[in-house]
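Got the viewer open and a selection box ready? Let's take a walk through this one together, one stop at a time.

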Amino acid sequence: MKKVKILIVDDHPLFRHGVKTLFLTTPDLEVIGEATSGETAIQMAQSFTPDVILMDLRMSGCNGIEATREIIKSNPETQILILTMFQDDHSVFAAMRAGAKGYVLKDAEKEDLLNAIRAVANGGAIFSPGIASRMIDYFAMARPAAPREAFPDLTEREREVLYLMADGTANSGIAAKLKISGKTVSNYVTNILNKLQVTDRDEAIHLVKESRLGNEDGPER
């Protein structure tokens, strides 16, 4: 029986020990290494070519998203499964864009974790039930058109907030549409103004209007 070679990446030694102990009792899985940082994970992925990497998100230095992106560039055959306590939209979609094939929470049942590892090892994609449900809601939601190239310094969620602002939606309406708190919307607006280097909401909206006019007047592609 061919074993699935696993690299565990997490900066908490007790958690790594618990996961490794679980795998020692699972005949088809083999731990070939442990890394405590994203930098070490990138190096070990090159040296050991694991089948699956269990990747934590929040680590000092190079985080799990950055490490995932770098590993996929040089080792596209390696499958990465995010294993974390964070389940916010930004973390989930950032991980998917970086190339992760699954996203499982650390409080998942043992069998769910084992099944997730086997699934991604076989080329599948898998998510914790709560994450999967929220992803369905996310894509089912009517979303404003937001050409990514217009404001490349903004995150996907910041562009959504910006375009809703430009459509005349107040912060309360943005919060309701995106299912986030009013305080979170205010934080996004502050980030948007800083990144666009404008002083207020009206200037940001003016940039959007100019961008839309440019898209309408530009050559067809």
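## Stop 1: a loop with an arginine

Start by selecting arginine 58, which sits in the loop between S3 and H3. Keep in mind as you look that this is a predicted model. Is arginine 58 buried or exposed? Neither label fits: its relative accessible area is 44%, and that makes it partly exposed.

Now show what surrounds arginine 58. Setting aside neighbours within four places in sequence, you will find it in contact with Asp11, Phe86, Asp88 and Ser91. If you like, add a distance label from arginine 58 to phenylalanine 15: these two are 43 residues apart along the chain, and their C-alpha atoms are separated by 14 Å.

## Stop 2: zoom out

Switch to a cartoon of the protein chain, and you have 10 helices and 6 strands to colour. Along the principal axes, the C-alpha atoms fill a box of roughly 60 × 35 × 30 Å. The chain has 221 residues, of which 42% count as buried. A contact map is a good companion here: among contacts between residues at least 6 apart in sequence, 61% join residues at least 24 apart.

## Stop 3: the sheet

Select the strands next. In what order do they lie? Reading across the open sheet of 6 strands, you pass S2-S1-S3-S4-S5-S6, with parallel pairing. The edges are S2 (29-35) and S6 (126-127), each of which pairs on one side only.

Then step through some of the pairings:

- S1 and S3 run parallel and are joined by 4 bridges; leucine 7 has isoleucine 53 of S3 as its bridge partner.
- S3 and S4 also pair in the parallel sense, over 4 bridges; here methionine 55 is matched with isoleucine 82 in S4.
- S4 and S5 are parallel too, with 4 bridges between them; threonine 84 has its bridge partner, leucine 105, in S5.

Stay with S3 and turn on its side chains. In a regular strand the side chains alternate between the two faces of the sheet. You can follow this along S3, where Val52 and Leu54 point one way while Ile53 and Met55 point the other way, and all are buried.

## Stop 4: helices on the sheet

Bring H3 (64-74) into the picture. Together, S3, H3 and S4 make a right-handed β-α-β unit. H3 packs on the sheet and touches S3 and S4, its direction making about 165° with that of S3.

Move along to H4 (89-98). This helix lies across S4, S5 and S6, and runs at about 145° to S5.

## Stop 5: two cores

Which residues touch the most other members of the largest nonpolar core? Select Val9, Ile53, Met55, Ile71, Ile80, Ile82 and Tyr103, out of the 26 residues in that core. Elements that each supply at least two residues of this core include S1 (4-9), H2 (38-48), S5 (102-105) and H6 (129-140). H4 gives the most, with 5 residues.

Clear that selection and pick Phe151, Leu164, Ala166 and Ile192. They are among the members of a second, separate core of 22 residues.

## Stop 6: a helix pair

Show H8 (residues 171-178) with H9 (residues 182-196). Their axes are 9 Å apart and the helices pack at an angle of about 110°, which makes H8 roughly perpendicular to H9. To see where they meet, display Asn171, Ile174 and Ala175 on the H8 side, with Gly182, Val185, Ser186 and Val189 on the H9 side.

## Stop 7: two positive phi angles

Finish with a pair of backbone curiosities. Threonine 49 is not a glycine, yet has a positive phi of about 40°. Look for threonine 49 in the loop between H2 and S3, where a relative accessibility of 35% makes it partly exposed.

Glutamine 197, which is not a glycine either, has a positive phi of about 60°. Its place is in the loop between H9 and H10 (201-217). Is glutamine 197 buried or exposed? With a relative accessible area of 73%, glutamine 197 is exposed, since the cut-off for that label is over 50%.

Technical notes
Residues numbered from 1 in each chain as written. Predicted model: local features only at pLDDT ≥ 70, side-chain atom pairs only at ≥ 80, totals over all residues. Heavy atoms only, no water. Core = buried A, V, L, I, M, F, W, Y, C linked by side-chain atoms within 4.5 Å. Buried < 20%, exposed > 50% of the residue type's maximum accessible area, 1.4 Å probe, protein only. Pairing = 2+ DSSP bridges. Right-handed = clockwise from strand over helix to strand, strands pointing away. Axes fitted to C-alpha atoms, helices over the stretch in contact; angles between N-to-C directions. Parallel < 35°, antiparallel > 145°, perpendicular 65-115°, else oblique. Contact = heavy atoms within 4.5 Å.
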